[in-house]
Amino acid sequence: MKRTNRLLEVAALAGVLTLGFPVLGAAATASTGSAPGCAAAAAYYDTAPQSSNIAMMRNAVHCLIDAERAAVGLPALTRKTTLDAAAASHATAAASLKWWTPGANSHTNPQTGSTPFSRITGAGYCPNPVSWAYAETTYTGWGGSGTPRAAVHWWVHVSTYGHRQIVLSSTLKDLGIGVAAGTANPAGAGGTGGGTYVVDFGRCQQ
């Protein structure tokens, strides 16, 4: 029997996740492994994303998340290309459409209706599972708050919407990261140093 655990999704969808100031088969899920090159990625921890540095920004987010997990005795998460694709499409759309206003649902695209579930399954994560779970965290900022460090810090140490429990989950094993230049909040459209971040987490038993 297929079981889908959506409890973590509920936690992720509990509030608007934006900051302006200071979710056994033959088809395996593609993997890119644990956080690559954290020594190099560290140079991007406090840098806002640009079109030329998105790959390093995604690595920076992964390294910072794994560091937070290591600090509480949790193992590193495994990057999945399918989750990367789901998160990246949402981050790009959010930075373009800019609907992450206070009170808005940052997880549902108002133009396409896509949700964490539809994006993650549509990207091909965990086909034909025995059981699986997923969650999504989002963040946007500008004016010095649009960096990977600002995003991960907010999820783990500031947010009261369940993000810390997701990032530091002992049951979620995989992640995919989307980063886009510019803010997803129209209030920051004229600001500098904007960044939009989406991380999709998962656990897959096939």
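This report walks through two helices, a central pair of strands, two disulfides and one serine in a predicted model.

**The disulfides**

Let's start with the cysteines. The structure holds two disulfides, and if you number the bonded cysteines in sequence order, the pairing reads 1-2, 3-4. Here they are side by side.

| Pair | S-S distance | Angle about the S-S bond | Hand |
|---|---|---|---|
| C38 and C63 | 2.0 Å | -95° | left-handed |
| C126 and C204 | 2.0 Å | 85° | right-handed |

What does the link between C38 and C63 tie together? C38 sits in helix α2 (residues 38-41) and C63 in helix α3, so this disulfide joins parts that are 25 residues apart in sequence. C38 is partly exposed, at 31% relative accessible area. C63, by contrast, comes out at 4% relative accessibility and counts as buried.

Now for the other disulfide, where the sulfur atoms of C126 and C204 are 2.0 Å apart. C126 belongs to the loop between α5 and β4, while C204 is part of strand β6, so the pair connects parts that lie 78 residues apart in sequence. C126 is buried, with a relative accessibility of 4%, and C204 is partly exposed at 27%.

**Strands β4 and β6**

Strand β6, which carries C204, runs antiparallel to β4, and eleven bridges join the two. If you want a spot to look at in the viewer, try A135, which stands opposite F201 in β6.

Why can we call β4 largely enclosed by the rest of the structure? Eleven of its eleven residues are buried, so there is your reason. In a regular strand, side chains alternate between the two faces of the sheet. In β4, both faces are covered. One side has S131, A133, A135, T137, Y139 and G141, and the other has W132, Y134, E136, T138 and T140, all of them buried.

**Helix α4**

Next up is α4, which covers residues 81-97. With 17 residues at 1.5 Å a residue, this helix should span 24 Å, and its end C-alpha atoms are indeed 24 Å apart, so the two values agree. Its buried residues include a good number of alanines: A86, A87, A88, A91, A93, A94 and A95 are on the list, along with T82, L83, D84 and H90.

Which elements help cover those buried residues? Among them are the helices α3 (54-71) and α5 (116-122), plus the strands β3 (78-80), β4 (131-141), β5 (174-181) and β6 (195-205). Just past the end of α4, K98 takes a positive phi of about 55°.

**Helix α6 and the loop after it**

Helix α6 takes in residues 148-158, and its buried residues are P148, A150, A151, V152, W154, W155 and V156. They pack against α3, β4, α7 (163-167) and β6. So α3, β4 and β6 turn up again here, since they also help cover the buried residues of α4.

S159 is in the loop between α6 and α7. Is S159 buried or exposed? At 12% relative accessibility it falls under the 20% cut-off, so S159 counts as buried. What does its side chain reach? The side chain of S159 comes to 3.0 Å from the backbone nitrogen of Y161, and it also makes a polar contact with the side chain of H163, at 2.6 Å.

How values were computed
Residues are numbered from 1 along each chain as its sequence is written. This is a predicted model: local features need pLDDT of at least 70, side-chain atom pairs count only at pLDDT 80 or more; totals for chains, interfaces and linings use all residues. Side-chain values use heavy atoms; hydrogens and water are left out. Helices (H or I, at least four residues) and strands (E, at least two) are DSSP runs, numbered from the N terminus. The expected span of a helix is 1.5 Å times one less than its number of residues. Buried means under 20% relative accessible area, exposed over 50%, partly exposed in between (1.4 Å probe, protein chains only). Contact means heavy atoms within 4.5 Å. A disulfide is a pair of cysteine sulfur atoms within 2.5 Å. Two strands pair if DSSP finds at least two bridges between them. A polar contact is a pair of N or O atoms within 3.5 Å; within protein, one must be able to donate a hydrogen and the other to accept it, and residues adjacent in sequence count only if both atoms are side-chain atoms.
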